[in-house]
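Let's work through a few exercises together. Keep the sequence and the structure open beside you as you go.

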Amino acid sequence: MTDGEVTRGPVKSTELRRHLRTLLRERLAPHDRLPTERSLAEEFSLSRLTVRRVLDQLELEGQVYRVQGSGTFVSEPRIAKSVELTSFSEDMRARGLTPGSLAVTAERVPAGAEIGYALRISPAEEVLRLRRVRTADGEPICLEDSCLPAALVPDDLGEALDGSLYEELNARYGLVPHRAEQTIRATVLDQDSARALRVPPFSPAFLVQRTTFDARGRAIERAESLYRGDRYTYQLTIYRT
Ligand code: GLP
């Protein structure tokens, strides 16, 4: 490290950070390669170590990824998830992506205590349990495990589930989501979930638990969704009351 960098380092590294953020926002596309550590160090008169720290931070934020021996690349943009009562399909379409589902399974099982409590039905009552790997432009980004009271949803929905569940519930039974109680928390993916989402085991994820009600106050779905942490941002508009 030179004397020059000791005094000017923080200012210079802020400049580098700004420069990189502008590059990421305005000039580079996903999977483009960033300039090398060496060229950035020269351009900003910084040590390689300082440049690496700035890149480490961008990597932590999920803005870039590194490939050993090849360099640093721009990550895919995160999908900003609004906290409105939208469906997965609506979220994806709003971002110009095509929603899809893989590996859909449907079974009828007793609700059990936890799901029964969430759906306001007895544990012995039947629910239709749907498991889906949700995709955006073919890329798996979310695992969804939904339970619907069989009393409200008498059919198995079958192939309709390759499309939108909310659209299907409306078309078949006039069930329209009106309000939901939702929690979001951080978690890591176990081996099976990580494999289904094609990321390394223990990758970070958001666990979203949602109970959805129709306008009559009936609980129509209890869902647990695991969203890939590297592909999602939760976005809220908040008001001061
Ligand atoms: C969101 C919710 C799920 C719901 C799904 C419906 O992802 N977290 O609870 O099942 O939307 O989406 P779609 O209508 O695309 O199947």
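Strands here are DSSP runs of type E with at least two residues, and they are numbered from the N terminus. Please keep in mind that this is a predicted model.

**Exercise 1. Describe the chain as a whole.**

Step 1: Start with the elements: there are 7 helices and 10 strands in the chain.
Step 2: Turn to burial. The chain has 241 residues, and 42% of them are buried.
Step 3: Look at the surface. About 13,700 Å² is exposed, with 51% of it supplied by carbon and sulfur atoms.
Step 4: Finish with contacts. Of those with a separation of 6 or more, 58% are between residues 24 or more positions apart.

**Exercise 2. Find Thr 212 and decide whether this residue is buried or exposed.**

Step 1: Thr 212 belongs to strand β8, which covers residues 204–214.
Step 2: Recall the cut-off: buried means under 20% relative accessible area.
Step 3: Thr 212 has a relative accessibility of 0%, so it counts as buried.
Step 4: Now see what touches Thr 212. Beyond the neighbours within four places in sequence, its contacts include Leu 85, Tyr 166, Pro 177 and Ile 220.

**Exercise 3. Work out how β1 and β2 are arranged.**

Step 1: Locate the two strands: β1 spans residues 64–67 and β2 spans residues 71–74.
Step 2: Check their pairing, which is antiparallel with 4 bridges.
Step 3: Pick out one facing pair: Val 64 in the one strand is opposite Val 74 in β2.
Step 4: Look at the link. The two strands make a hairpin with 3 residues between them, and Gly 69 in the turn has a positive phi of about 85 degrees.

**Exercise 4. Compare the settings of His 31 and Arg 198.**

Step 1: Begin with a rule of thumb: most residues other than glycine have a negative phi.
Step 2: His 31 is not a glycine, yet its phi is positive, at about 75 degrees. Arg 198, also not a glycine, has a positive phi of about 55 degrees.
Step 3: Place each residue. His 31 sits in the loop between α1 (3–27) and α2 (37–43), while Arg 198 is in the loop between α7 (191–197) and β8.
Step 4: Apply the cut-offs: exposed means over 50% relative accessible area, and partly exposed lies between that and the buried limit of 20%. His 31 is at 40%, so it counts as partly exposed. Arg 198 has a relative accessible area of 60%, so it is exposed.

Note on methods: Residues are numbered from 1 along each chain as its sequence is written. This is a predicted model: local features need pLDDT of at least 70, side-chain atom pairs count only at pLDDT 80 or more; totals for chains, interfaces and linings use all residues. Side-chain values use heavy atoms; hydrogens and water are left out. Buried means under 20% relative accessible area, exposed over 50%, partly exposed in between (1.4 Å probe, protein chains only). Contact means heavy atoms within 4.5 Å. Accessible areas come from the Shrake-Rupley method with a 1.4 Å probe; for residues, only the protein chains shown count as cover. Two strands pair if DSSP finds at least two bridges between them.
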